[in-house]
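Colleague: Hi! Could you walk me through this one? I have plenty of little questions.

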Amino acid sequence: MITHHTEVLVAGLGPVGATAALSLARRGIAVTAIEPLASSATDLRASTYHAPTLEILDDLGAAGTLFGQGLKAPVYQYRDRQSGDVFEFDLTEIADRTRFPYRIQCEQHRVTASIVEQVQGEPSATVLQGQRVLFVEQDEEGVTAYVESANAVERWRARHLLATDGASSVVRKVLGLQFPGFTYDDRFVCFSTEHPIEEAFDNLSHVNYISDPKEWMVVLRVPGMWRVLVPAPAGFSDAQLVSEDYKNGVFGRMLGRDCDVATRHRTIYRVHQRVCERFAVGRILLAGDAVHLNSPMGGFGMNSGVHDAINACDKLVQVLRHGADAAQQTALYERQRQTITRDFVQAQTIESTRLMRDGWASARAERADALGRLMKDRAARRAYLLKQAMFTSLEQAAAIQ
Ligand SMILES: Cc1cc2nc3c(=O)[nH]c(=O)nc-3n(C[C@H](O)[C@H](O)[C@H](O)COP(=O)(O)OP(=O)(O)OC[C@H]3O[C@@H](n4cnc5c(N)ncnc54)[C@H](O)[C@@H]3O)c2cc1C
């Protein structure tokens with residue numbers, strides 16, 4: 001069997017692996033990235049890029065697609081469909097903290113594809129598309145990955161491997177790691193449409209969390225489309241959920257009239273809350289969906305994965321270029337990112353999902369009270385904006401030694 005050599009192997013070129021591969025290559029590390037798909041998956045997934053992620057990608061010179069094609073969303077809204085209340089949060093209130101006081105709305109596949117293109121242009125990077133990691137093993141000196149292409153299985157030897165191979169991570173499974181947590185009973189349905197749904201609302205922003213005792217919604221704008229996420233009613237089959245009747249019902253209730261809105265996508269999701277027991281084992285580091293899954297409420301999944309990627313790459317550069325101790329650096333990566341994943345990303349998304357879906361009458365009152373208090377208290381609102389924009393979690397991670 002042929003054996004190739006590199007410094008760092010990146011398994012999986014989703015948004016997390018692509019960012020990691022570019023970050024390493026830009027710093028002169030020989031990186032080989034392995035991705036089964038010929039191009040980025042174009043399903044409806046992340047669309048919200050928070051300010052710290054924009055800073056990370058801009059620092060890498062990889063934010064061109066976001067700024068060129070994405071929609072700036074300085075304001076996000078919590079709306080109550082029954083009472084008509086609108087609570088508006090304006091990120092320009094933290095303009096002294098970031099050069100990007102807004103979210104950018106752009107589908108993750110557009111951004112990922114452009115980052116992969118940049119990785120391909122880096123002299124120290126090799127991108128192997130149409131290939132996948134089958135198995136990994138490691139010893140004191142490095143990691144060996146067995147990589148399958150159309151014609152062969154070949155061995156790749158590296159000092160370290162970064163596993164960014166998504167929710168079904170082969171690397172996590174080969175390492176035998178537990179992925180504890182839970183899966184919500186209810187499913188979500190996501191529709192995308194070019195219909196001008198903003199015309200049915202007064203001053204609808206690009207990012208809206210709309211509460212309703214019967215059917216809450218997340219309504220997000222991305223370039224050229226609206227995305228509408230709703231909870232699937234119990235007892236409906238998949239076929240019913242993507243039917244014309246159900247779709248017309250959702251948009252009819254939303255727009256307040258009978259209508260036949262044309263959709264581009266109708267996708268059903270299961271939602272998980274899980275954190276892997278380890279984020280690093282020996283010379284293998286794991287990041288992104290490979291080690292954490294959460295509800296899409298708040299747009300933290302991909303963003304926190306990108307934050308993992310940069311943290312992991314900083315540690316690898318310390319080891320590979322500045323002689324830092326590998327065991328100490330990988331352990332520090334695990335402490336920082338696993339702690340933040342549990343204490344912030346999981347805690348926050350579980351709570352936000354609870355407020356959107358459970359015991360609606362009391363949760364609704366609780367939420368309206370909390371939002372009302374934030375509207376009146378500038379300092380508390382600033383803390384809230386910094387937390388929801390993920391600045392606070394990055395500061396907390398950096399403080400963990
Ligand atoms: C409806 C929905 C909305 C969402 N909205 C948001 C949002 O607004 N903001 C947000 O931050 N997050 C959001 N998320 C979550 C976000 O999409 C994920 O967290 C993100 O895709 C994780 O990126 P990743 O690179 O870790 O994994 P993935 O995107 O899953 O990428 C993993 C890559 O690894 C590859 N791979 C798989 N197996 C192998 C193998 N054996 N060898 C090599 N490569 C392999 C795959 O082909 C894939 O390209 C949303 C998710 C959903 C479902």
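Modeller: Happy to! Let's begin with the domains: the C-alpha centres of domain 1 and domain 2 lie 30 Å apart. Keep in mind that this is a predicted model.

Colleague: OK, and which residues belong to each domain?

Modeller: The domain assignment gives domain 1 as 3–73 + 99–179 + 273–356 + 393–399, and domain 2 as 183–272.

Colleague: How many residues does each one put into the contact?

Modeller: Domain 1 gives 18 residues and domain 2 gives 17 residues. On the domain 1 side, strand 5 (71–73), strand 8 and strand 18 (263–275) each supply at least two residues.

Colleague: What kinds of residues are on that side of domain 1?

Modeller: The side of domain 1 that touches domain 2 divides into 7 nonpolar, 7 polar and 4 charged residues.

Colleague: Let's switch to the ligand. Which residues come nearest?

Modeller: There are 36 residues around the ligand, and the nearest are Gly12, Gly14, Gly166, Gly288 and Gly301.

Colleague: And which helix gives the largest share of that shell?

Modeller: That's helix 8, with 4 residues. Helix 1 (15–26), strand 3 (31–35), strand 10 (132–138) and helix 8 (301–322) each supply at least two.

Colleague: How does the shell split by class?

Modeller: The shell around the ligand has 18 nonpolar, 13 polar and 5 charged residues.

Colleague: Now the sheet with strand 3 in it. What is the strand order?

Modeller: That open sheet of 6 strands runs 9-3-2-13-20-19, with mixed pairing. Strand 9 (125–129) and strand 19 (280–281) are the edge strands, and each pairs on one side only.

Colleague: Do strands 2 and 13 run parallel or antiparallel?

Modeller: Strand 2 (residues 8–11) and strand 13 (residues 160–163) pair in the parallel sense, over 4 bridges. To find the spot, look for Val8, which stands opposite His160 in strand 13.

Colleague: What does helix 1 lie across?

Modeller: Helix 1 lies across strand 2, strand 3, strand 9 and strand 13, and runs at about 165° to strand 3.

Colleague: Last topic, helix 2. Which of its residues are buried?

Modeller: In helix 2 (residues 51–59), the buried ones are Ala51, Pro52, Thr53, Leu54, Ile56 and Leu57. Their cover includes strand 4 (48–49), helix 3 (64–69), strand 8 (103–105), helix 8 and helix 12 (391–399).

Colleague: And which glycine follows helix 2?

Modeller: Gly61 follows helix 2, and the phi of Gly61 is positive, near 70°.

Conventions. Residues are numbered from 1 along each chain as its sequence is written. This is a predicted model: local features need pLDDT of at least 70, side-chain atom pairs count only at pLDDT 80 or more; totals for chains, interfaces and linings use all residues. A residue is near a molecule or strand if its C-beta atom, placed from the backbone, lies within 6 Å of it. Ala, Val, Leu, Ile, Met, Phe, Trp, Tyr, Cys and Pro count as nonpolar, Asp, Glu, Lys and Arg as charged, and the others, Gly among them, as polar. Two strands pair if DSSP finds at least two bridges between them. Two residues are in contact if their C-beta atoms, placed from the backbone, lie within 7 Å. Axes are lines fitted to C-alpha atoms, for helices over the stretch in contact, and angles run from 0 to 180 degrees between N-to-C directions. A residue is buried if 20 or more other C-beta atoms lie within 10 Å of its own, exposed if 12 or fewer, and partly exposed in between; C-beta atoms are placed from the backbone. Domain bounds come from an automatic or database domain assignment.
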